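Take a moment to look at the sequence and the 3D structure below. Then let us walk through them together, one part at a time.

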Amino acid sequence: MARYVVNRLAQAIMLLVIVSAIGFAILHLAPGGPLSQFAASAQMTQEDLDRVTKQLGLDRPLPIQYLDWFGRMLKGDWGKSYRDGEAVLSVISSHLGATLELMATATIIAVLLGCWIGVLGALRRYSLFDSLATVGAMIALSIPTFWFGLVTIYVFSVKLGWLPAGNRQTVGDGSFLDLLHHLIAPALVLALVETAMWGRFMRSSMLEVINQDYIRTARAKGMPEWRILTVHALRNALLPMITVAGLQFPTLLGGALVAETVFTWPGMGRLFLDSIGYRDYPVVMGILMFSATMVLIGSLLADILYAVVDPRIRVG
Amino acid sequence: MADSTGKFGVGGLHHFGIPNRRQFFQLGAGAAAGWTLSGNAFAQTERPGNPPDKPRGQVIAALSQEPTVFHPLMPGIEVDQGIWWQVFSPLWFIEPDGKFVPDLAREVPTVENGGLSADGLTWKIKLRSDVKWHDGTPFTAEDVKFSLELINNPDFRVRNRVGHNLVKDIKVVAPDEIHWRMEAPYSPYMSILSLTFIVPKHILEKLTDPNASPFHNAPVGTGPFRWGERVPGDHIQLNAHTGYHGKGPYVERVVFKYIPDLTVLYTQFRTGQVDYTGLQGILPNFVQEAKTLKGRKIFVSATSSVEHVAPNLEFGPFADRAVREALYLAINKQAIIDALNYGLPTQTESFVPQQAWSFQQGLPQHKYDPAKANALLDAAGWVRGSGGIREKGGVKLEFTNSTTSGNAVREQTQQLLIQDWRAIGAAMRVNNMPAAVIWGDFWQQSKFNSVLVSVNFMLGSDPDVTPRFGSGAIPAKGGRGYNTYQYKSPEADRLLAEGAKQFDLAQRKTTYGDLQKLIRNDLAILPLFQGFIAEGVKEGLQGFRPNINTSINCWNIREWYWA
């Protein structure tokens with residue numbers, strides 16, 4: 001087991017190095033640069049731009065810039081944002097809480113609701129509920145998050161006035177209830193696609209399990225249906241979901257990016273979008289490395305967990 | 001001509017006729033660089049009536065871009081000025097009517113009050129002695145000296161040094177008086193100083209690296225509001241500085257709320273979550289509806305920016321003036337204004353805003369005339385070839401037009417331009433790019449064929465456009481400015497050089513008037529309309545005054561209060 005973990009860790013580190021090199025190259029080779037924003041709006045001359053470019057070290061050859069960045073990153077110095085001069089780790093951490101809050105809430109909603117829909121759909125295959133759940137999931141997966149967010153704002157904020165039209169909290173009011181009030185709409189919007197995905201995966205997994213011989217045997221032995229369902233079927237059906245959970249991070253982050261923009265949620269997704277727009281290289285690279293690390297950790301944990309619960313994996 | 005409106009941007013000036021150089025300085029050279037009133041904007045403006053004795057309540061100002069640069073001398077964008085105006089102070093500032101008002105200075109320097117020498121080379125500034133930095137340290141002339149020297153410090157990542165680089169021999173003669181000499185006369189400097197914020201010496205002089213310090217993220221100034229907190233990606237809170245030396249502030253807190261999407265921003269204004277929609281304001285398509293909202297006031301005001309088609313004059317067909325004129329004649333400007341911009345902007349023929357004292361009346365007016373455009377191209381030898389596209393000497397009349405991708409109104413404008421120009425045998429293709437791409441080398445190094453862009457050509461509020469139209473300011477040819485059009489004209493260079501050293505208002509008006517005629521005649525740009533902004537303010541919030549001389553209309557939150 002230890003060897004398996006070490007191997008997977010080594011692969012993960014190699015992947016991170018590759019991701020960093022590719023990410024750095026793509027980002028810097030893309031046209032434009034961090035000073036374009038000033039060229040567009042402020043009274044900066046080309047001479048001013050050239051001077052600032054030199055001061056920021058952006059005139060050096062790309063490989064030198066990469067090695068410099070990579071070397072400093074290994075020492076824990078992820079650089080400073082070109083926009084506000086803050087340390088990248090500090091910039092990321094200041095946005096991380098908001099995103100985790102949103103993602104965690106959306107995940108809880110999606111897992112609970114999705115699993116319930118999936119299990120029920122599998123048990124009542126081709127019933128009205130199952131058909132409705134299938135159609136609903138297709139619609140949910142097809143609706144653009146941006147559009148759904150705007151509709152939610154229009155209905156629940158503009159028309160009904162039940163929910164705030166955005167923001168994480170009312171300025172000057174940091175109460176839990178206020179936070180919760182602001183969280184409802186973006187979390188539900190973000191959870192929509194996730195719920196559909198969990199529902200579909202869970203239904204398939206459950207169907208596979210309930211058709212297994214050991215379920216039939218359990219029934220033949222006269223075991224109560226609720227016990228068959230919870231002890232034998234559900235536990236085994238949840239196994240493949242470990243992988244699903246491990247790989248959900250990128251999807252969630254992508255969804256959060258849109259939800260955060262629509263609901264003016266001050267999280268990582270919006271930071272990433274803004275930073276790309278401004279070509280804030282250090283922050284973009286920081287978020288890229290952070291996200292890649294999270295994805296790899298998620299995947300690694302899923303693999304390890306799977307290996308723990310199913311020893312056959314280790315053999316392969 | 002200046003008096004045709006009865007205004008020069010300086011109260012009472014028209015009673016005395018065209019001022020001479022002495023009068024010019026009497027009134028403040030900068031005042032002469034101001035604007036006349038913008039009728040539309042000010043018709044709706046409320047002047048503060050009875051502000052409270054003590055700061056009361058808060059204002060939530062929504063901005064579509066996030067302010068991130070808080071050091072007011074470093075490279076920043078318009079939105080950052082929203083913070084600078086509240087936290088810092090300049091020596092003097094420009095009122096919406098163009099009048100300079102002393103801020104940190106006791107008076108605006110003139111020849112009459114001895115602040116300026118007759119040749120414009122010696123400046124003597126008397127400063128207020130009752131000003132304190134937010135940390136309680138007294139403000140002195142040393143701070144002004146430090147700020148001007150910091151701007152010229154080669155290690156400092158300063159925004160730009162235009163005008164400042166002429167300042168020599170700075171002498172602090174008393175804690176409340178500073179003198180300096182200009183290397184050459186430069187009349188726009190008064191205007192530049194009105195937008196230069198003074199920074200604290202006692203904090204910044206201790207830094208080993210002037211480009212990084214805690215100050216950059218928690219600035220200390222002399223302005224009406226002191227730094228409160230910043231939640232990155234969300235908001236910035238500023239608190240009233242009760243020891244402020246000027247008028248106000250009348251609210252306890254200002255919260256700048258960052259809302260990147262303009263539709264969401266408007267929605268939050270509509271639902272009452274924000275009190276003011278600033279910077280990019282309300283999208284034109286929402287303006288009519290916004291005007292019907294209860295408890296909201298909408299201000300539509302002119303900006304200094306001019307929306308135009310920027311031709312690269314070194315690019316094949318555009319080098320031919322006949323082509324530029326034909327293209328200009330073939331643009332249905334009114335359709336662009338009415339159909340795409342809801343009739344809110346006004347046509348213009350100049351790079352100078354119509355409210356400015358330097359605006360040249362009577363420039364040839366654009367007329368939508370495709371027939372004349374066709375005739376012009378026929379006469380110039382551009383004949384229709386295959387597919388109806390004209391060509392001359394093997395050069396086809398086809399080109400690309402670029403703008404920031406995602407800007408819906410500009411993208412629609414491009415569609416109209418394609419149709420308009422197709423009708424005269426010119427083929428335009430769209431080549432849009434994200435902001436970070438288009439405004440980089442593509443724009444700076446004149447790699448475009450044509451660009452649809454909005455530019456504020458003014459240097460502060462001064463019409464000196466040497467960096468925009470001077471032949472030595474072409475970056476693609478090693479120039480120091482941003483003449484990306486690659487416009488070259490010895491006559492324009494002569495006028496620009498003359499205007500920058502003139503101190504007589506009437507002379508300057510003539511010089512810059514001639515320049516406007518020249519640029520219009522040469523069609524160095526194809527102007528579409530003067531920019532505008534629609535902003536919303538909650539009813540009951542008093543004191544909002546759009547100011548065409550500043551980059552952001554929330555420049556004076558110190559005067560805002562809740563009725």
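The paragraphs below go from one chain, to the contact between chains, and then to some of the details inside. Keep in mind that this is a predicted model.

Let us begin with chain A. It has 13 helices and zero strands, and along the sequence its pattern is simply α-α-α-α-α-α-α-α-α-α-α-α-α. If you draw a box around its C-alpha atoms along the principal axes, that box comes to roughly 85 × 60 × 35 Å. Of the 316 residues in chain A, 47% are buried. Looking at contacts with a separation of 6 or more, 73% are between residues 24 or more positions apart.

Now turn to the place where the two chains meet. How many residues does each chain bring to the contact? Chain A brings 47 residues and chain B brings 52 residues. The size of an interface is often given as the accessible area lost when the parts come together. For chain A and chain B that buried area is about 4,100 Å², with 52% of it on carbon and sulfur atoms. There are two salt bridges between the chains. One of them joins B:Glu66 to A:Arg83, whose closest N and O atoms are 3.8 Å apart. The interface also has 15 residue pairs in polar contact. On the side of chain A that touches chain B, helices H2 (36–41), H3 (46–55), H5 (88–123), H7 (145–159) and H11 (268–277) each supply at least two residues. Helix H3 of chain A gives the most, with seven residues.

Next, step inside chain B and find helix H5 (residues 141–151). Is this helix largely enclosed or largely open? Eight of its 11 residues are buried, so the rest of the structure largely encloses it. Among the buried ones are B:Val144, B:Phe146 and B:Leu148. The buried residues of this helix pack against strands E5 (167–174) and E6 (177–182), and against helices H6 and H7 of chain B. At the N-terminal end, B:Thr140 acts as a cap: one of its side-chain oxygens lies 3.1 Å from the backbone nitrogen of B:Glu142.

Helix H4 of chain B is a good next stop, and B:Gln86 lies in it. With a relative accessibility of 0%, B:Gln86 counts as buried. Its side chain reaches the backbone oxygen of B:Gly82 at 2.9 Å. Beyond its neighbours within four places in sequence, B:Gln86 is in contact with residues including B:Gly223, B:Phe256, B:Trp555 and B:Arg558. That last residue, B:Arg558, also lies over the face of B:Phe93, at 4.6 Å from the ring centre.

Rings can also meet other rings, and the structure holds 37 aromatic pairs over all chains. In one of them, B:Trp84 and B:Phe197 meet edge-to-face, 6.3 Å centre to centre and with 65° between the planes. This pair links distant parts of the chain, 113 residues apart: B:Trp84 is in helix H4, while B:Phe197 is in the loop between helices H6 and H7 of chain B. B:Trp84 counts as buried at 1% relative accessibility, and B:Phe197 counts as buried at 1% too. Another pair, B:Phe457 and B:Tyr485, is stacked, at 6.4 Å centre to centre and 25° between the planes. Both of these residues are buried, and they belong to one aromatic cluster that also includes B:Trp439 and B:Phe469.

Finally, look at the charged pairs, which come to 36 salt bridges over all chains. In chain A, A:Asp213 and A:Arg216 form one with closest N and O atoms 2.6 Å apart. Both lie in helix H9, three residues apart, which is about one turn of the helix. An α-helix has 3.6 residues a turn, so residues three or four places apart point the same way. Are A:Asp213 and A:Arg216 buried or exposed? Both are exposed.

For a contrasting setting, go back to chain B, where B:Glu559 and B:Arg545 form a salt bridge with closest N and O atoms 2.9 Å apart. Both lie in the loop between strands E20 and E21, so the pair ties together parts that are 14 residues apart in sequence. Here B:Glu559 is buried, with a relative accessible area of 3%, and B:Arg545 is buried at 2%.

Key. Residues are numbered from 1 along each chain as its sequence is written. Chains are lettered from A and ligands numbered from 1 in the order in which they are written. This is a predicted model: local features need pLDDT of at least 70, side-chain atom pairs count only at pLDDT 80 or more; totals for chains, interfaces and linings use all residues. Side-chain values use heavy atoms; hydrogens and water are left out. Rings of Phe, Tyr and Trp (its six-membered ring) pair if their centres lie within 6.5 Å; planes under 30 degrees apart count as stacked, over 60 as edge-to-face and the rest as tilted. Helices (H or I, at least four residues) and strands (E, at least two) are DSSP runs, numbered from the N terminus. Buried means under 20% relative accessible area, exposed over 50%, partly exposed in between (1.4 Å probe, protein chains only). A charge sits over a ring if NZ of Lys or CZ of Arg is within 6 Å of the ring centre and within 35 degrees of the ring normal. Contact means heavy atoms within 4.5 Å. Buried area is the accessible area (1.4 Å probe) that two parts lose on being put together, summed over both. A salt bridge is a side-chain nitrogen of Lys or Arg within 4 Å of a carboxyl oxygen of Asp or Glu. A polar contact is a pair of N or O atoms within 3.5 Å; within protein, one must be able to donate a hydrogen and the other to accept it, and residues adjacent in sequence count only if both atoms are side-chain atoms.
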